[in-house]
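Grab a pencil and work through a few exercises. Each one sets a task, then walks through the solution.

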Amino acid sequence: RSVGGAPPSELVAETIQRLKDGMRRNRAVRLEYYTASRDAVATRTLAPFGLIDHLGFWYVIAQDVERGAGATAVPFRVDRIRHVELLPEVEFEVPDDFTTEAFRRDAMWTGGPDDVTVEVRFSAAAAGRMREESDRRDVKELPDGGIVRRFRIQRDRPRWLYTQLARHGDQAEVLGPPEFRRGMARFLDGILAHAL
């Protein structure tokens with residue numbers, strides 16, 4: 001079990017403190033968690049094994065208690081957590097082979113059989129940050145200072161990517177595959193319809 005990285009925001013620091021309390025006592029926590037790919041908030045019961053700072057975001061590596069003791073520990077972004085409550089009656093054991101180092105890699109999600117690569121062009125104005133956040137192998141430099149960046153996503157959960165790209169406005173353009181280009185257009189149409 002380890003904690004390391006840059007100082008978090010005040011809200012994240014408070015959440016981390018509550019998670020650390022559960023870690024120290026080997027007690028589960030109940031919390032509300034926002035899942036970006038589904039754009040939904042749900043109540044979860046987690047056994048917090050460890051905390052890491054990854055690419056500027058804090059994650060708790062935890063096991064979903066409701067899935068049973070054999071469930072795989074996965075990362076949850078701490079800034080998407082609210083209302084952490086310690087559950088003194090729900091005890092857990094951290095597996096002997098658990099280490100946060102297993103999660104220190106270029107991407108928290110490593111892909112699966114149904115993943116797909118989506119190519120996105122970023123203008124020169126947006127390229128700097130996208131360059132910093134990605135693996136060099138996933139970036140192609142363009143003559144105008146922009147880049148084309150490849151994202152590996154779950155085929156049935158593109159909403160996460162659409163949400164990220166919408167923040168860049170016309171500085172980002174999905175190049176392909178075609179179904180994701182059309183999906184991005186539908187996503188933006190939905191946002192516009194809701195705003196109107």
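**Exercise 1: Place a residue**

Ala13 sits in helix 1, which covers residues 10–25. Keep in mind that this is a predicted model.

Task: work out whether Ala13 is buried, partly exposed or exposed.

Solution: Start with the relative accessible area of Ala13, which is 32%. Buried would need under 20%, and exposed would need over 50%. So Ala13 counts as partly exposed. Now look along the chain: Ala13 and Trp58 are 45 residues apart in sequence, yet their C-alpha atoms are 9.5 Å apart in space.

**Exercise 2: The sheet of 5 strands**

Task: find which strands stand at the edges of the open sheet of 5 strands.

Solution: Write down the order, 4-3-2-1-5, with antiparallel pairing. Strand 4 (74–77) and strand 5 (81–91) each have a single partner strand, so one side of each has no neighbour in the sheet, and these are the edges. On average, neighbouring strands here are turned by 50 degrees against each other, direction ignored. Next, zoom in on strand 2 (residues 40–54) and strand 3 (residues 57–64): they run antiparallel and are joined by 8 bridges. His54 stands opposite Phe57 in strand 3.

**Exercise 3: The sheet of 4 strands**

Task: find the edges of the open sheet of 4 strands, then see what lies across strand 8.

Solution: The order is 7-8-6-9, again antiparallel. Strand 7 (139–141) and strand 9 (172–176) are the edges, because each has a single partner strand. Two helices come next. Helix 2 (residues 124–133) lies across strands 6, 7 and 8, at about 50 degrees to strand 8. Helix 3 (residues 159–166) lies across strands 6, 8 and 9, at about 150 degrees to strand 8.

Note on methods. Residues are numbered from 1 along each chain as its sequence is written. This is a predicted model: local features need pLDDT of at least 70, side-chain atom pairs count only at pLDDT 80 or more; totals for chains, interfaces and linings use all residues. Side-chain values use heavy atoms; hydrogens and water are left out. Two strands pair if DSSP finds at least two bridges between them. Axes are lines fitted to C-alpha atoms, for helices over the stretch in contact, and angles run from 0 to 180 degrees between N-to-C directions. Buried means under 20% relative accessible area, exposed over 50%, partly exposed in between (1.4 Å probe, protein chains only). Contact means heavy atoms within 4.5 Å.
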